[in-house]
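Biologist: I have a structure in front of me that is new to me, and I would like to learn how to read it feature by feature. Could we go through it together?

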Amino acid sequence: MSAQSEQSIGMLLGEALRARREDSGLSLRAAAERAGMSPAHLSEVERGLKEPSFGALARIADAIGVEPGEVFLDLAIALGAA
């Protein structure tokens, strides 16, 4: 996998998380607080600049009220899965 492909996946994952967070009506600060991380870190994840660990991804999903699998489904769809 090329570095560009990896970056694209990170960006798509971040976009999926941001969309889910916004759908839940949570601010970046509130979601970050619930997930136990700084707003700056969550912002970097949402912009695809940092890759969350599976544990961090689970905490973010829980903070915004979705299952991690829903985020992965959003990512799969964004990557072209049927």
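The dialogue that follows takes up the core, the packing of helices and a few single residues.

Modeller: Before we begin, please keep in mind that this is a predicted model, in which local features need pLDDT of at least 70 and side-chain atom pairs count only at pLDDT 80 or more, while totals for chains, interfaces and linings use all residues. Residues are numbered from 1 along each chain as its sequence is written, and side-chain values use heavy atoms, with hydrogens and water left out.

Biologist: How should I read a nonpolar core, and which residues have the most contacts inside the largest one here?

Modeller: In soluble globular proteins, nonpolar side chains tend to be buried together. A nonpolar core is a set of buried Ala, Val, Leu, Ile, Met, Phe, Trp, Tyr and Cys residues joined through side-chain atoms within 4.5 Å, where buried means under 20% relative accessible area, exposed over 50%, and partly exposed in between, with a 1.4 Å probe and protein chains only. In this model the largest nonpolar core has 19 residues, and those with the most contacts inside it are L13, L17, M37, L42, I60, I64 and V71. Two or more residues each come from the elements α1 (3–24), α2 (28–35), α3 (39–46), α4 (54–64) and α5 (68–78), and the largest share, six residues, is given by α4. Helices are DSSP runs of H or I with at least four residues, strands are runs of E with at least two, and both are numbered from the N terminus.

Biologist: Which residues does M37 contact, leaving aside its neighbours within four places in sequence?

Modeller: Contact means heavy atoms within 4.5 Å. With those neighbours left aside, M37 is in contact with A32, L42, A56, R59 and I60.

Biologist: How do I describe two helices that pack, and at what angle do the axes of α2 and α3 cross?

Modeller: Two packed helices are described by the angle between their axes and the distance between the axes. Axes are lines fitted to C-alpha atoms, for helices over the stretch in contact, and angles run from 0 to 180 degrees between N-to-C directions. Here the axes of α2 and α3 come within 8 Å and cross at roughly 105°, which makes α2 roughly perpendicular to α3. Angles under 35 degrees count as roughly parallel, over 145 as roughly antiparallel, 65 to 115 as roughly perpendicular and the rest as oblique. On the α2 side L28, R29, A31 and A32 meet P39, L42, S43 and E46 of α3, and by class this contact has five nonpolar, one polar and two charged residues. In that count, Ala, Val, Leu, Ile, Met, Phe, Trp, Tyr, Cys and Pro are nonpolar, Asp, Glu, Lys and Arg are charged, and the others, Gly among them, are polar.

Biologist: At what angle do α2 and α4 pack?

Modeller: The angle between α2 and α4 is about 125°, with their axes 8 Å apart, and therefore α2 is oblique to α4. In this contact A31, R34 and A35 of α2 meet R59, I60, A63 and I64 of α4, which by class gives five nonpolar, no polar and two charged residues.

Biologist: Which residues of α4 and α5 meet?

Modeller: These two helices pack at an angle of about 100°, with their axes 8 Å apart, so α4 is roughly perpendicular to α5. F54, L57, A58 and A61 in α4 meet P68, V71 and F72 in α5, and the contact has seven nonpolar, no polar and no charged residues.

Biologist: Is L57 buried or exposed?

Modeller: L57, which lies in helix α4, counts as buried at 4% relative accessibility. Not counting residues up to four places away in sequence, L57 touches L13, L17, P52, V71 and F72.

Biologist: What about charged residues, and where is E46 placed?

Modeller: E46 is in helix α3 and counts as buried at 3% relative accessibility. Beyond its neighbours within four places in sequence, E46 is in contact with G14, E15, L17, R18, R21 and L28. The C-alpha atoms of E46 and E15 are separated by 5.8 Å, although the two residues are 31 residues apart along the chain. R21, placed in helix α1, is buried as well, with a relative accessible area of 8%.

Biologist: Is A19 buried or partly exposed?

Modeller: A19 is in helix α1 and counts as partly exposed at 35% relative accessibility, whereas A16, also in helix α1, is buried with a relative accessible area of 10%. Setting aside neighbours within four places in sequence, A16 is in contact with V71 and D74.
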